[in-house]
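The following paragraphs lead the reader through a protein structure, from its overall plan to its individual elements. Please keep the sequence and the model in view while reading.

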Amino acid sequence: MRDFAERVARRTMHASRIRHYSLGSLAFVAVVVLLSGCTTPRTDVGAPKIVSIEEWGGVRVDMRATNARAHVPTRLTLHHGGVAFLRDRDPMQYLRNLQTWSRNTRGWADIPYHYLIDLDGRVYEGRNVLFAGDTNTEYDPKGHALIVVLGNFEEVEPNPAQLEAVVSTMTMLARRFNLSADVIAGHKDFSAQTACPGKSLYPYLTNGFFQREVAKRLKRD
Ligand SMILES: [Zn+2]
């Protein structure tokens with residue numbers, strides 16, 4: 001009887017050791033996962049959450065099958081939509097329309113911009129950033145990563161969420177392509193034919209706000 005009790009006790013201990021062992025393994029796996037998280041490059045610290053083409057319901061264009069030119073961005077160039085973007089407008093529907101217009105009416109490979117920012121500062125994926133954008137003006141957008149804030153900043157002021165989205169998108173691109181904040185500029189710095197990105201958004205470039213904020217975040221790495 002005592003033997004039996006001992007055997008049961010031993011078996012229970014054994015079982016609990018196994019349980020401890022497997023809990024230990026789980027803890028070990030968790031630590032490894034955490035550590036491997038630490039060793040990945042910190043390229044996306046503070047990066048905006050990008051709404052993908054699939055999420056906004058667009059077509060992911062195979063850019064190699066188009067006339068678009070491959071490039072590696074060396075400049076970060078800010079635009080505005082140039083037309084009023086009102087609160088009741090659905091940005092995803094707007095993007096789908098813009099893509100259809102760009103491809104079917106305008107004959108471009110895709111949306112002319114690489115990243116688009118809405119009223120709430122949400123950032124949407126546009127054209128593949130490894131292909132040059134398109135423009136209605138005379139400058140050559142090759143080498144420019146094009147960021148557009150939807151709205152007409154000749155008429156309205158950018159809101160804090162939009163300013164933050166511009167900074168975080170530019171920082172993400174500067175990290176990815178190893179650029180300094182000095183390459184940040186606006187469309188009208190390259191074209192005499194436009195007021196883009198508008199008289200209320202452009203001052204954030206001329207007073208160095210975007211350049212300063214991006215430089216600050218790049219230094220944090
Ligand atoms: Zn522009």
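Helices and strands are here DSSP runs, with at least four residues for a helix and at least two for a strand, and they are numbered from the N terminus. On that basis, the protein chain follows the pattern α-β-α-β-α-β-β-β-α-β-α-α when read along the sequence. It thus contains six helices and six strands. The model is a predicted one. Of the 221 residues in the protein chain, 34% are buried. Among contacts with a separation of 6 or more, 75% join residues 24 or more positions apart.

The strands offer a convenient starting point. All six form an open sheet in the order β1-β4-β3-β5-β2-β6, with mixed pairing. At the edges stand β1 (50-51) and β6, each with a single partner strand, so one side of each has no neighbour in the sheet. In general, strands of a sheet pair through backbone hydrogen bonds, in either a parallel or an antiparallel sense.

Within this sheet, β2 deserves a closer look. Its pairing with β5 is parallel and extends over six bridges; in β5, Val 149 is the bridge partner of His 80. The pairing of β2 with β6 is likewise in the parallel sense, over three bridges. Leu 76 stands opposite Ile 184 in β6, and Leu 78 stands opposite Gly 186 in β6. Why can β2 be called largely enclosed by the rest of the structure? Five of its six residues are buried, so the description follows.

Against the sheet lies helix α4, which comprises residues 160-176. Its 17 residues reach 24 Å from the first C-alpha to the last, close to the 24 Å expected at 1.5 Å a residue. The helix lies across β2, β3, β4, β5 and β6, and runs at about 165 degrees to β5. How many of the residues of α4 are buried? Twelve of the 17 are, and the helix is therefore mostly covered, a residue being counted as buried if 20 or more other C-beta atoms lie within 10 Å of its own. Among the buried residues are Gln 162, Ala 165, Val 166, Met 170 and Leu 173. The elements against which the buried residues of α4 pack are β2 (75-80), β3 (115-117), β4 (123-125), β5 (144-149), β6 (184-186) and α6 (209-219). After the helix comes Asn 178, whose phi is positive, near 55 degrees.

Helix and sheet meet again in the largest nonpolar core, which has 36 residues. The members that touch the most others are Leu 76, Leu 116, Ile 117, Ile 147, Val 148, Val 166 and Met 170. At least two residues of this core come from each of α2 (53-56), β2, α3 (91-105), β3, β4, β5, α4 and α6. The most is given by α4, with seven residues. Ile 117 illustrates these connections: beyond its neighbours within four places in sequence, its contacts are Val 123, Ile 147, Val 148, Val 149, Leu 150, Gln 162, Ala 165 and Val 166.

Helix α3 may now be considered. It has 15 residues and reaches 20 Å from its first C-alpha to its last, close to the 21 Å expected at 1.5 Å a residue. Its buried residues are Leu 95, Leu 98, Gln 99 and Ser 102. Seen down the axis of α3, these residues fall within an arc of 100 degrees, so they line one face of the helix. As a general principle, an α-helix has 3.6 residues a turn, so residues three or four places apart point the same way. The cover over the buried residues of α3 includes α2, β3 and β4. On the other side of α3, the exposed residues are Gln 93, Asn 97, Trp 101, Asn 104 and Thr 105. Just after α3, Gly 107 takes a positive phi of about 75 degrees.

Two loop residues complete the account. Pro 158 lies in the loop between β5 and α4, and is buried because 23 other C-beta atoms lie within 10 Å. Its C-alpha atom is separated by 6.4 Å from that of Leu 201, 43 residues apart along the chain. Leaving aside neighbours within four places in sequence, Pro 158 is in contact with Val 149, Phe 153, Leu 163, Ser 200 and Leu 201. Arg 87, by contrast, lies in the loop between β2 and α3, and is exposed, with 6 other C-beta atoms within 10 Å.

Notes:
Residues are numbered from 1 along each chain as its sequence is written. This is a predicted model: local features need pLDDT of at least 70, side-chain atom pairs count only at pLDDT 80 or more; totals for chains, interfaces and linings use all residues. The expected span of a helix is 1.5 Å times one less than its number of residues. Two residues are in contact if their C-beta atoms, placed from the backbone, lie within 7 Å. A nonpolar core is a set of buried Ala, Val, Leu, Ile, Met, Phe, Trp, Tyr and Cys residues joined through C-beta atoms within 7 Å. Two strands pair if DSSP finds at least two bridges between them. Axes are lines fitted to C-alpha atoms, for helices over the stretch in contact, and angles run from 0 to 180 degrees between N-to-C directions. The arc is that of the directions from the helix axis to the C-beta atoms.
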